[in-house]
Amino acid sequence: MKMRKFTIADALLERSPGQEADISVGNLVDERHGGPITIGYGRYAPGQSLTETMAVDDVMIVLEGRLSVSTDAGTVTAGPGEIVYMPKGEAVTIRSHEEGALTAYVTYPHWRPAHA
């Protein structure tokens with residue numbers, strides 16, 4: 001894959017695999033493109049929550065709205081322009097606030113094969 005610029009309009013958002021919550025993801029670069037990372041967008045409807053143990057290292061950039069990420073070590077809340085790093089093996093709960101949230105993410109390695 002050559003250098004490319006993406007916008008949210010490029011992402012085909014679909015329900016996050018294995019989640020009951022109203023959370024959508026859309027990969028723009030992943031294992032199908034031959035690179036080592038996954039890049040995409042995520043959309044969290046208002047008041048949604050997901051809990052999982054991270055199967056990959058994940059960097060989430062909040063573009064709109066607010067999210068809180070909780071672990072045994074505590075909780076961080078992030079808004080537009082802020083970044084949350086969630087290391088592989090960490091048990092996290094991600095909660096969207098009343099306005100929901102739009103995020104961009106980068107994972108290493110690819111998250112889809114790690115969840116299979």
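**Exercise 1. Locate Thr107 in this predicted model, and establish whether Thr107 is buried or exposed.**

Solution. Step 1: Thr107 is placed in strand β8, which spans residues 91–108.

Step 2: the relative accessibility of Thr107 is 2%. Buried means under 20%, so Thr107 counts as buried.

Step 3: the side chain of Thr107 reaches the backbone oxygen of Pro109 at 3.0 Å.

Step 4: when residues up to four places away in sequence are not counted, Thr107 touches Pro36, Ile37 and Thr38, and also Val56, Asp57 and Asp58.

**Exercise 2. Determine how many residues the largest nonpolar core has, and which strand gives the most to this core.**

Solution. Step 1: the largest nonpolar core has 15 residues. Those with the most contacts inside this core are Tyr44, Met60, Leu67, Val69, Met86 and Ile94.

Step 2: at least two residues of the core come from each of β5 (57–71), β7 (83–86) and β8.

Step 3: with four residues, β5 gives the most to the core.

Step 4: another core, of six residues, lies apart from this one; among its members are Phe6, Ala11, Tyr41 and Ala104.

**Exercise 3. List the residues in contact with Met86, leaving aside its neighbours within four places in sequence.**

Solution. Step 1: the contacts of Met86 include Met60, Val69 and Ile94. These three residues, like Met86, are among those with the most contacts inside the largest nonpolar core.

Step 2: the list is completed by Met54, Val56, Asp57, Asp58 and Val92.

**Exercise 4. Describe the surroundings of Asp30, starting from where Asp30 is found.**

Solution. Step 1: Asp30 is found in the loop that runs between β2 (23–29) and β3 (38–44).

Step 2: the relative accessible area of Asp30 is 0%, and Asp30 is therefore buried.

Step 3: the side chains of Asp30 and Asn27 are joined by a polar contact of 3.3 Å.

Step 4: leaving aside neighbours within four places in sequence, Asp30 is in contact with Gly35, Ile37, Thr38 and His110.

**Exercise 5. State how many salt bridges the structure holds, and which side chains meet in a salt bridge with an N to O distance of 2.4 Å.**

Solution. Step 1: side chains of opposite charge can pair when their charged atoms come close.

Step 2: the structure holds one salt bridge. In it, the side chains of Asp30 and Arg32 meet at 2.4 Å, N to O.

Step 3: the cut-off for a salt bridge is 4 Å. The Asp30 and Arg32 side chains also make a polar contact (2.4 Å).

Step 4: Asp30 is buried, at 0% relative accessible area, whereas Arg32 is exposed, at 62%.

How values were computed:
Residues are numbered from 1 along each chain as its sequence is written. This is a predicted model: local features need pLDDT of at least 70, side-chain atom pairs count only at pLDDT 80 or more; totals for chains, interfaces and linings use all residues. Side-chain values use heavy atoms; hydrogens and water are left out. Buried means under 20% relative accessible area, exposed over 50%, partly exposed in between (1.4 Å probe, protein chains only). A polar contact is a pair of N or O atoms within 3.5 Å; within protein, one must be able to donate a hydrogen and the other to accept it, and residues adjacent in sequence count only if both atoms are side-chain atoms. Contact means heavy atoms within 4.5 Å. A nonpolar core is a set of buried Ala, Val, Leu, Ile, Met, Phe, Trp, Tyr and Cys residues joined through side-chain atoms within 4.5 Å.
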